[in-house]
Amino acid sequence: MGMSVTISAAAEQDAEQIFRLQYLCFQSEAALYGNYRIDPLVQTLDSVREEVVQDCVFVARLGDEIVGSVHGRITEDGAAAIGKLCVHPRLQGHGIGARLLKAAESALAGERGARTFRLHAGHRSESNLRLYSKVGYQRVGTSRGADGVPMIVLEKNAETYATTA
């Protein structure tokens, strides 16, 4: 009998598993760009712990193991910045990333008043860009990450969430 993946808000004691999962999951992104200094790979455990406490972080669990996570926070302009979406490589392609996004969007709109959701994805990250497009995000511009990676900026109106959730 198999277990189901459940989505829930992260707790402070989840920080270490999130930290390790991010490090595992973002290796392929780093390789894609030849840049192993991307934020999820250089982030400290203390800063992950801080995000879990202060921001909107959701995890996907398979039993006691965290197999996915996503981070969201409200920015100065009132938009919800969503990032660090990751799913364990052995479970990718099963809708867990989309479920994590929906959980974060729901909390950011419902509990924190976000009117717009914003994501940044690397310009070569085709599978990520496909997922974001599939769940309603549209390209609105470009930027450059602090690590120098060219990024595509995507947004979705929070009202769109209500009709797609």
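**Exercise 1. How many nonpolar, polar and charged residues does the lining of the second largest pocket have?**

The model is predicted, so local features need pLDDT of at least 70 and side-chain atom pairs count only at pLDDT 80 or more, while totals for chains, interfaces and linings use all residues. Residues are numbered from 1 along each chain as its sequence is written, and side-chain values use heavy atoms, with hydrogens and water left out.

Step 1. A pocket is, on a 1 Å grid over the protein atoms alone, an open set of points with protein on both sides within 12 Å along at least five of seven lines, whereas a cavity is a set of points where a 1.4 Å probe fits but cannot get out; lining residues have an atom within 4 Å of a point. Grid points are joined across faces, edges and corners, and a volume is the space filled by probe spheres set on the points.

Step 2. The second largest pocket holds about 660 Å³ of space, and of the 28 residues that line it, Gln-92, Gly-93, Ser-127, Asn-128 and Leu-131 lie nearest its centre.

Step 3. Sorted by class (Ala, Val, Leu, Ile, Met, Phe, Trp, Tyr, Cys and Pro are nonpolar, Asp, Glu, Lys and Arg are charged, and the others, Gly among them, are polar), this lining has 14 nonpolar, nine polar and five charged residues.

Step 4. At least two lining residues come from each of H1, H2, S4, helix H5 (96-110) and H6, and the largest share, seven residues, is that of H6. Helices (H or I, at least four residues) and strands (E, at least two) are DSSP runs, numbered from the N terminus.

**Exercise 2. Describe the largest pocket by its volume, its lining and the elements that contribute to it.**

Step 1. The volume of the largest pocket is about 840 Å³.

Step 2. Its lining comprises 31 residues, and those closest to the centre are Asp-39, Gly-83, Lys-84, His-120 and Met-151.

Step 3. Two or more lining residues are given by helix H2 (27-33), helix H3 (39-42), S3, S4, strand S5 (116-122) and helix H6 (126-134).

Step 4. By class, the lining of the largest pocket has 14 nonpolar, nine polar and eight charged residues.

**Exercise 3. Work out how the buried residues of H4 and H1 are arranged, and what they pack against.**

Step 1. In helix H4 (residues 45-54), Val-48, Glu-51 and Val-52 are the buried residues, where buried means under 20% relative accessible area, exposed over 50%, and partly exposed in between (1.4 Å probe, protein chains only).

Step 2. Seen down the axis of H4, these residues fall within an arc of 100°, so they line one face of the helix; the arc is that of the directions from the helix axis to the C-beta atoms. Asp-46, Val-53 and Gln-54, on the other side of H4, are exposed.

Step 3. The buried residues of H4 pack against H1, strand S2 (56-62), strand S3 (65-74) and strand S4 (80-87).

Step 4. For H1, the buried residues include Ala-15, Ile-18, Leu-21, Gln-22 and Cys-25. The arc for the buried residues of H1, seen down its axis, is 125°, so they too line one face of the helix. They pack against H2, H3, H4, S2, S3 and S4.

**Exercise 4. Which residues line the largest cavity?**

Step 1. The structure holds one cavity of 30 Å³ or more, and the largest cavity contains about 50 Å³ of space.

Step 2. Its lining is made up of Ile-18, Gln-22, Val-48, Glu-51, Val-52, Val-57, Ser-69, Val-70, His-71 and Lys-84, with H1, H4 and S3 each supplying at least two residues.

Step 3. Five of these lining residues are nonpolar, three are polar and two are charged.

**Exercise 5. Locate His-88 and decide whether Cys-86 takes part in a disulfide.**

Step 1. His-88 lies in the loop between S4 and H5, and this residue is buried, with a relative accessible area of 15%.

Step 2. Leaving out residues up to four places away in sequence, His-88 touches Leu-21, Leu-24, Cys-25, Glu-65 and Val-67, contact meaning heavy atoms within 4.5 Å.

Step 3. A search of the whole structure for disulfides (pairs of cysteine sulfur atoms within 2.5 Å) finds zero.

Step 4. The sulfur of Cys-86 is 4.2 Å from the closest cysteine sulfur, in Cys-25, which is too far for a bond; Cys-86 is buried, with a relative accessible area of 4%.
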